[in-house]
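I opened my notebook to record what I looked up, one entry at a time. The structure comes before the notes.

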Amino acid sequence: MTEGGCLCGALRYNCDEVAAVTALHCHCKDCQRVTGSGKATVVMFPESAVSIRGDYKTFSSLGTDGSHVNRGFCGNCGSQLFTFVDEIPGHVFIKAGTMDSSAWLTVDLTCWASSAPDWLTPDPAIPAVPQNPPTN
Ligand SMILES: [Zn+2]
Ligand SMILES: [Zn+2]
């Protein structure tokens, strides 16, 4: 079981790393804005494998493909932890950097490589797609 949480500690979670579906680097502009960096690294879990303790606020926006993206963050310290996408029901994406320990993690795919900044180019060792991952 992996524990994680926000910077101030008000929002905590645990997730079962065995249940992780996939892990992605995302260089989309929205992820760059919310992280303040060149990418977000997120791990997708079934919601049943994640337990959240504490309250979080949600900011909803439209993805470039029209998906409804709801980002959960701590209302006290502002840390971004969770993303729920209406079009991917029953799943939650957790930002890998909020995990207390993520040594078990391997990243499967780079998304939105087309908008990666020149100062944070995608890792050539990881498969990449120019925009969203294919859905099927
Ligand atoms: Zn916090
Ligand atoms: Zn993104």
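My entries below go from a sheet to one of its edge strands, then to a single serine.

**Entry 1: the sheet.** I note that this model is predicted. I looked up the strand order of the open sheet. It has seven strands, running 6-7-8-9-4-3-10, and the pairing is mixed. Strand 6 and strand 10 stand at the edges. Each has a single partner strand, so one side of each lacks a neighbour in the sheet. I also took down the twist, which averages 30° from one strand to the next.

**Entry 2: strand 6.** Next I turned to residues 57–62, which make up strand 6. How many of its six residues are buried? The number is zero, so strand 6 lies largely in the open. Burial takes 20 or more other C-beta atoms within 10 Å.

I then checked its pairing. Strand 6 runs antiparallel to strand 7 (residues 68–73), with six bridges. I looked up two bridge partners in strand 7. Serine 60 is bridged to asparagine 70, and serine 61 to valine 69. The hairpin of these strands has five residues between them. There, glycine 66 takes a positive phi near 90°.

**Entry 3: serine 115.** I found serine 115 in the segment after strand 10 (109–111). Is serine 115 buried, exposed or partly exposed? It counts as partly exposed, because it has 18 C-beta neighbours inside 10 Å.

I asked which residues serine 115 touches beyond four places in sequence. The contacts are His27, Cys28 and Lys29. Cysteine 28 lies 87 residues from serine 115 along the chain, yet their C-alpha atoms are separated by 6.1 Å.

Note on methods. Residues are numbered from 1 along each chain as its sequence is written. Chains are lettered from A and ligands numbered from 1 in the order in which they are written. This is a predicted model: local features need pLDDT of at least 70, side-chain atom pairs count only at pLDDT 80 or more; totals for chains, interfaces and linings use all residues. Helices (H or I, at least four residues) and strands (E, at least two) are DSSP runs, numbered from the N terminus. A residue is buried if 20 or more other C-beta atoms lie within 10 Å of its own, exposed if 12 or fewer, and partly exposed in between; C-beta atoms are placed from the backbone. Two residues are in contact if their C-beta atoms, placed from the backbone, lie within 7 Å. Two strands pair if DSSP finds at least two bridges between them. Axes are lines fitted to C-alpha atoms, for helices over the stretch in contact, and angles run from 0 to 180 degrees between N-to-C directions.
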